[in-house]
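Biologist: I am new to this structure and would like to go through its side-chain contacts step by step. Could we look at the charged pairs and then at the nonpolar residues?

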Amino acid sequence: MSHLQAKPIKVNEGELKEKVVAINRVAKVVKGGRRFSFSAIVVVGDGAGIVGYGLGKANEVTDAITKGIEDAKKNLFQIPLLKNTVPHEQLGKFSGGFVLIKPAAPGTGLIAGGAMRAVLESVGVHDVLAKSKGSSNPHNVVKATIDALVKMRAPHTVAFQRGISVAKVFNG
């Protein structure tokens, strides 16, 4: 897979919603002309902090999407959410993809571009500011976004690691 380690998470398959981020048509030139195949990058999520992505390749678009969904269900990540936004600002990187995710006030909405939007919608974030600052290749953007989300830490885990109260995490 990648540098991200997916944790085996117990999740109800029926609750996962899938989103196709990008479909790419690939041509292979053979003696009789061009042979086309399709690759689809798919993001799945339950809208409550669980998200995964997958890549499917096949000769038909529908088959590629189905394979992508199956692959995505094998790579699920648990993301800490805080009041419909992310807990803190975070940078994510994968290859040429470089993303910045910032928490936003309630009512801001999801301010993010193409591939990032799909990932953030699937996680269940409703208010966030996000900017993709590197490659616009959907594969790298999706992986960089998930990298940023996986690095997020919930306030109670920070408090536990530092051995202080949750109030102190917020108020210093």
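Biologist: How many salt bridges does the structure hold?
Modeller: Please keep in mind that this is a predicted model. One salt bridge joins the side chains of Lys-19 and Glu-121, another those of Glu-121 and Arg-117, and another those of Asp-147 and Lys-151. The number of salt bridges in the structure is therefore three.

Biologist: How many residues apart in sequence are the parts that the pair Lys-19 and Glu-121 ties together?
Modeller: The side chains of Lys-19 and Glu-121 meet at 3.3 Å, taken from N to O. Lys-19 belongs to strand S1 (residues 17-30), whereas Glu-121 belongs to helix H2 (residues 114-123), so the parts that this pair ties together are separated in sequence by 102 residues.

Biologist: Is Asp-147 buried or exposed?
Modeller: Asp-147 forms a salt bridge with Lys-151 at 3.4 Å, N to O, and the two are four residues apart in helix H3 (residues 138-151), which puts about one helical turn between them. Its partner Lys-151 has a relative accessibility of 40% and counts as partly exposed. Asp-147 itself has a relative accessibility of 5%, and because the cut-off for burial is under 20%, Asp-147 counts as buried.

Biologist: Which residues do salt bridges that share partners join into one network?
Modeller: Glu-121 meets Lys-19 in one salt bridge and Arg-117 in another, the latter at 3.9 Å from N to O. Glu-121 and Arg-117 are four residues apart in helix H2, or about one helical turn, and Arg-117 is partly exposed at 33% relative accessibility. Through the shared partner, the network consists of Lys-19, Arg-117 and Glu-121.

Biologist: Which element supplies the largest share of the largest nonpolar core?
Modeller: This core has 28 residues, among which Ile-101, Val-119, Leu-120, Val-142 and Leu-149 touch the most other members. Several elements each supply at least two of its residues, including strand S2 (33-45), strand S3 (50-58) and H2. The largest share amounts to six residues, and the element that supplies these is H3.

Biologist: Which residues does Val-142 touch, not counting residues up to four places away in sequence?
Modeller: Val-142 is one of the core residues that touch the most other members. With residues up to four places away in sequence left out, Val-142 touches Val-21, Ile-41, Val-43, Tyr-53, Ala-115 and Val-119.

Methods:
Residues numbered from 1 in each chain as written. Predicted model: local features only at pLDDT ≥ 70, side-chain atom pairs only at ≥ 80, totals over all residues. Heavy atoms only, no water. Salt bridge = Lys/Arg side-chain N within 4 Å of Asp/Glu carboxyl O. Buried < 20%, exposed > 50% of the residue type's maximum accessible area, 1.4 Å probe, protein only. Core = buried A, V, L, I, M, F, W, Y, C linked by side-chain atoms within 4.5 Å. Contact = heavy atoms within 4.5 Å.
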